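Thanks for coming. I will walk through one structure today, starting from a single pair of residues and working outwards.

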Amino acid sequence: MSNIYHILIADQISKKGIAELRSVAQFKIDEKYGLKENELSQIIADYDAVIVRSQTKITRKVIESGKKLKVIGRAGVGIDNVDVDAATEHGIVVMNTPGGNTIATAEHTLSLLLALARNVPQAHVSMQLGEWKRKNFEGIELYGKVLGILGLGRVGREVAKRALAFGMKVKCFDPYLSPTKVKNLQIELVNSLDELFPAIDFLSLHAPLTAETEGIINKENLKKCKQGIRIINCARGGLICVADLAEFLKSGWVAGAALDVYEPEPPPADFPLRGLPNVILTPHLAASTVEAQENVGTEIAAMITDVLCHNIIRNAVNMPSIDPKVLSILSPYMALGEKLGIFMSQWIVDRIDTLNIYYSGRANEYDTSPITRAVLKGLLRKVAGKEVNEVNVMFLINTLGIEVQEVKMSSGGEFTEIIGIEAKTDEQTYQAASTFYGKSHRLVQLNFNPIEASMEGILLLLENKDRPGIVGKVGTILGEHNINIAAMSLARAKAKEKAISILNLDNVPPSEVLEQIRKVEDIYNVRLISV
Ligand SMILES: NC(=O)c1ccc[n+]([C@@H]2O[C@H](COP(=O)([O-])OP(=O)(O)OC[C@H]3O[C@@H](n4cnc5c(N)ncnc54)[C@H](O)[C@@H]3O)[C@@H](O)[C@H]2O)c1
Ligand SMILES: O=C(O)[C@H](O)COP(=O)(O)O
């Protein structure tokens with residue numbers, strides 16, 4: 001029977017998105033809105049996935065309470081309301097829907113830009129009061145003015161296009177943008193904020209809220225701006241130090257500000273910009289269009305379905321996404337790599353210091369990091385206390401201080417396709433290499449010596465002195481206890497003093513049988529391995 005997944009929709013998404021989720025037989029959907037941290041923490045243990053917009057905060061406490069939580073889906077772009085680090089540590093994938101609300105946000109930015117230039121909301125309120133004050137609301141033209149854009153991503157670029165259509169000049173600061181991206185766009189990319197601020201008449205913010213951008217619009221930077229600058233913020237409230245902006249608006253240095261976003265949301269009653277005549281405020285409306293909400297709602301529904309029902313992860317912000325075509329090519333390698341990792345996890349007893357994971361064959365034509373993550377997931381499942389998956393595996397590897405290196409080899413010797421692991425511990429080096437045999441998996445090297453063993457089911461690994469009679473004795477013990485040996489293979493060290501044998505068994509030997517085998521003279525190590 002297939003799994004039933006419980007999904008919590010914690011912020012309102014489009015009806016179509018909800019209907020699509022409800023149409024999946026494996027899903028049980030709850031809609032619970034406006035939950036505070038404590039309320040959410042109390043119920044989150046029931047859910048496999050939670051969907052939010054910008055309102056509901058998925059804090060570390062919520063994540064720690066989400067014992068079976070696998071996915072956090074953000075119907076929108078900004079993920080500053082999700083503790084992504086905590087999610088990563090707990091192996092929970094965080095996904096968003098970039099692009100779906102770009103046009104809506106760019107259009108809202110332009111509407112605020114125009115409203116700010118022409119005092120539209122102020123004039124409207126005056127008219128509603130029965131006044132006729134044409135002189136009070138004289139504006140300025142956009143034509144010929146310079147728009148500064150902070151963050152030239154999806155929204156920033158759409159804003160730039162529209163501003164250019166109004167005859168504005170556009171300058172932008174984005175330290176992560178390659179200059180080739182703005183070629184032929186009629187946008188000037190400047191190298192610093194110091195270069196941007198004195199050169200612009202309008203400033204529009206489109207960077208995410210990060211440690212670097214928090215409070216970036218502050219007293220020091222406002223001083224660098226031209227007198228009469230107008231500022232629009234459709235990104236995140238935290239980018240602006242509101243007390244500083246209020247001061248500059250009151251003095252007239254900043255001629256006007258139009259804000260859609262606040263920190264916190266909703267802003268408190270004593271929010272210092274409320275009531276200022278040169279300020280326009282909207283309640284986080286930029287993405288609130290029918291079209292944008294349908295885009296992000298249906299997109300997140302499809303993404304949640306893909307991850308829970310088909311194990312396909314798209315737009316994850318805490319792990320690299322893999323193109324589905326590439327994934328279908330890499331999947332067999334990931335399965336082989338994970339199997340080899342599982343094998344090694346039961347062979348190695350000491351603490352691993354360094355790991356070389358090496359590849360030869362077709363895998364090398366691709367980014368091998370998804371295979372490496374699968375190898376490590378298999379390897380760590382035993383070492384780490386918590387469940388290890390593709391999301392948290394690199395975090396756990398770093399926490400354990402294991403140094404990992406990927407090595408792409410030009411040849412795998414007599415085998416075309418090879419995935420190998422060399423693990424160094426304080427005590428010794430463990431090495432194994434594997435390949436495909438039809439659809440099954442084979443060990444082809446142990447401690448650099450050739451072997452030929454099926455990597456399926458129950459394996460008994462013996463390390464012993466290379467002398468006659470030892471394997472015979474082990475066979476007798478197993479036979480006496482009715483344990484059938486399906487296959488046997490031997491890796492002999494060139495120096496011929498030590499050998500490793502792999503016995504494929506039909507059933508699991510009880511611990512007293514393993515004890516008996518351990519007592520056989522010249523056997524140094526006995527490990528029961530299940531793959
Ligand atoms: N008000 C709304 O309803 C609404 C809607 C959509 C997006 N947003 C906000 O707008 C932001 C931008 O959205 P997007 O889809 O364009 O994201 P994006 O990721 O496509 O673009 C963000 C850009 O900011 C740049 N950036 C990062 N750090 C920077 C820094 N220190 N200085 C300058 N630039 C920097 C990045 O390089 C990137 O090009 C989102 O993070 C989100 O918070 C708000
Ligand atoms: O980051 C975003 O996508 C926007 O801020 C939209 O937020 P919302 O989904 O709460 O409207």
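Please find Cys 172, whose bridge partner in strand S8 is Leu 189. Before going further, note that this is a predicted model.

Strand S8 covers residues 187–189, and three bridges join S7 to S8 in a parallel arrangement. Cys 172 has a partner in another strand as well: Ile 149 stands opposite Cys 172 in S7. Ile 149 falls within strand S6, residues 146–150, which pairs with S7, residues 169–173. That pairing is also parallel, and it runs over five bridges.

What do S6, H7 and S7 make together? They form a β-α-β unit, and its hand is right-handed.

Helix H7 brings us to ligand 1. There are 32 residues around ligand 1, and those that come nearest are Gly 78, Gly 151, Gly 153, Pro 208 and Ala 286. Two elements give two or more residues to this shell: helix H5, residues 102–118, and helix H7, residues 154–165. Which of them gives the most? It is H7, with three residues. Sorted by class, the shell around ligand 1 contains 16 nonpolar, 11 polar and five charged residues.

Now the domains. The protein chain is divided into four: domain 1 is 5–98 + 291–310, domain 2 is 102–281, domain 3 is 320–456 and domain 4 is 457–531. Where does ligand 1 lie with respect to domain 1 and domain 2? Both of these domains give residues to its shell, so ligand 1 lies between them. As for domain 4, its C-alpha centre and that of domain 1 are 49 Å apart.

Next, ligand 2. The residues surrounding ligand 2 are Arg 53, Ser 54, Gln 55, Gly 76, Val 77, Gly 78, Asn 101, His 284, Ala 287 and Ser 288. By class, that is two nonpolar, seven polar and one charged. Gly 78 appears here, and Gly 78 was also named among the residues that come nearest to ligand 1.

Last, helix H11, residues 290–310. How does the distance between its ends fit its 21 residues? At 1.5 Å a residue, the helix should span 30 Å, and its end C-alpha atoms are 29 Å apart, so the two values agree. After H11 comes Asn 311, with a positive phi near 60 degrees.

To recap: Cys 172 is partnered by Leu 189 in S8, Ile 149 stands opposite Cys 172, and ligand 1 lies between domain 1 and domain 2. That is all from me.

Note on methods: Residues are numbered from 1 along each chain as its sequence is written. Chains are lettered from A and ligands numbered from 1 in the order in which they are written. This is a predicted model: local features need pLDDT of at least 70, side-chain atom pairs count only at pLDDT 80 or more; totals for chains, interfaces and linings use all residues. Domain bounds come from an automatic or database domain assignment. A residue is near a molecule or strand if its C-beta atom, placed from the backbone, lies within 6 Å of it. Helices (H or I, at least four residues) and strands (E, at least two) are DSSP runs, numbered from the N terminus. Ala, Val, Leu, Ile, Met, Phe, Trp, Tyr, Cys and Pro count as nonpolar, Asp, Glu, Lys and Arg as charged, and the others, Gly among them, as polar. Two strands pair if DSSP finds at least two bridges between them. A crossover is right-handed if, with the strands pointing away from the viewer, the path from the first strand over the helix to the second runs clockwise. The expected span of a helix is 1.5 Å times one less than its number of residues.
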